[in-house]
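User: Please take a close look at a single part of this model and explain it to a first-year student. Start with the overall layout, then move to the part you choose.

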Amino acid sequence: MIYSDVTERKRAEAEIRAARDTAERALQELQAAQASLVHAQKMAALGQLTAGIAHEIKNPLNFVNNFAELSGELLLELKETTAPVVAALGEDERAAVDEVIEMLRGNLDKIAEHGKRADGIVKSMLEHSRGVSGERRVVDLNALIEEALNLAYHGARAQDSSFNITLEREFDRGLAPTELAPQEMTRVFLNLFGNGFYATAKRQRDGGGPQFRPTLKVATRDLGDAVEVRVRDNGTGIAPEIRDKLFQPFVTTKPTGEGTGLGLSISYDIVTQQHGGMIEVDSWVGEFTEFTIRLPRPR
């Protein structure tokens, strides 16, 4: 009989397998880092482009807004000045003059209204291009989220008294305080909560059924070297073709006039650039949308 000791061979095979697994993990991490870097470079280029466009638009937009306001004042002066002459006209002529004046007044009001909206978009573009900043301090993340959640809910109720939604909280009560920029992160949470409120209300309007109950759930978790926040709603969901570019500027699922498409882009910058974290989205059309934020703890 022949005996052969294969201990060394088995050990070598185990070492090779371990080395292969380590290499595969390193490759996956490298690919993820490369994708993140490419996205960051693209966002930076878009930010520069946004700043250029905003500056070019701002000056002519100021002229539009200022002259709309001035024209409104001149129209009122004209109406007062010509009142005696108009009063001497026949009834049909007076009605025609009044109709023209009211049409002009209405047109100027619309120009002013949309001019202000465009001005708000330009300001958001400039704010986006300048990046984000804010003082960092140690805060209770659960308390910060609770405050933002109440603020978002009461704000939605103020705009629409019929709005209602079930708010679920799954806070990690052992979550240790963490260092972050509270004002900026509150901005992120308000944006996510507002989007969730909009999506659930839209699903309810579009026929969610008698059993449908608009719900938004917020959960926190301590990961040790990071903290995690999940925001999940049971709204309309996001189509795959939109989901992949959701954090790019001016990408929105809302109709024209209801969103600028800058909220999630700014939120992405706050989480990734200012806090060195990550933000991901998972969604299924007609079922749910869930955003996951992970913020590393300072070493």
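Analyst: Helices (H or I, at least four residues) and strands (E, at least two) are DSSP runs, numbered from the N terminus. Read in that order, the elements of the chain are α-α-α-β-α-β-β-α-β-β-α-α-β-β, which gives seven helices and seven strands. The model is predicted, so local features need pLDDT of at least 70 and side-chain atom pairs count only at pLDDT 80 or more, while totals for chains, interfaces and linings use all residues. Residues are numbered from 1 along each chain as its sequence is written, and side-chain values use heavy atoms, with hydrogens and water left out.

The part chosen is the meeting of two helices. The axes (lines fitted to C-alpha atoms over the stretch in contact) of α5, residues 182-205, and α7, residues 263-274, come within 9 Å and cross at roughly 140°. Angles run from 0 to 180 degrees between N-to-C directions. Under 35 degrees counts as roughly parallel, over 145 as roughly antiparallel, 65 to 115 as roughly perpendicular and the rest as oblique; α5 and α7 are therefore oblique to each other. Their contact (heavy atoms within 4.5 Å) involves Glu184, Met185, Arg187, Val188, Asn191, Leu192 and Asn195 on the α5 side, and Gly263, Leu264, Ile266, Ser267, Ile270, Val271 and Gln274 on the α7 side. Sorted by class, these are seven nonpolar, five polar and two charged residues.

Both helices also feed the largest nonpolar core. Such a core is a set of buried Ala, Val, Leu, Ile, Met, Phe, Trp, Tyr and Cys residues joined through side-chain atoms within 4.5 Å, where buried means under 20% relative accessible area, exposed over 50% and partly exposed in between (1.4 Å probe, protein chains only). This one has 40 residues, and Met185, Phe189 and Ile293 are among those with the most contacts inside it. At least two residues each come from α4 (141-159), α5, β4 (215-222), β5 (226-233), α7, β6 (278-284) and β7 (288-296). The most come from α4, with eight residues.

Ile293 ties several of these pieces together. Beyond its neighbours within four places in sequence, Ile293 is in contact with residues including Val188, Phe189 and Leu192, as well as Val271, Met278 and Ile279. Val188, Leu192 and Val271 also take part in the contact between α5 and α7.

For the chain as a whole, buried residues make up 33% of the 299 residues.

Note on methods:
Nonpolar A, V, L, I, M, F, W, Y, C, P; charged D, E, K, R; others polar.
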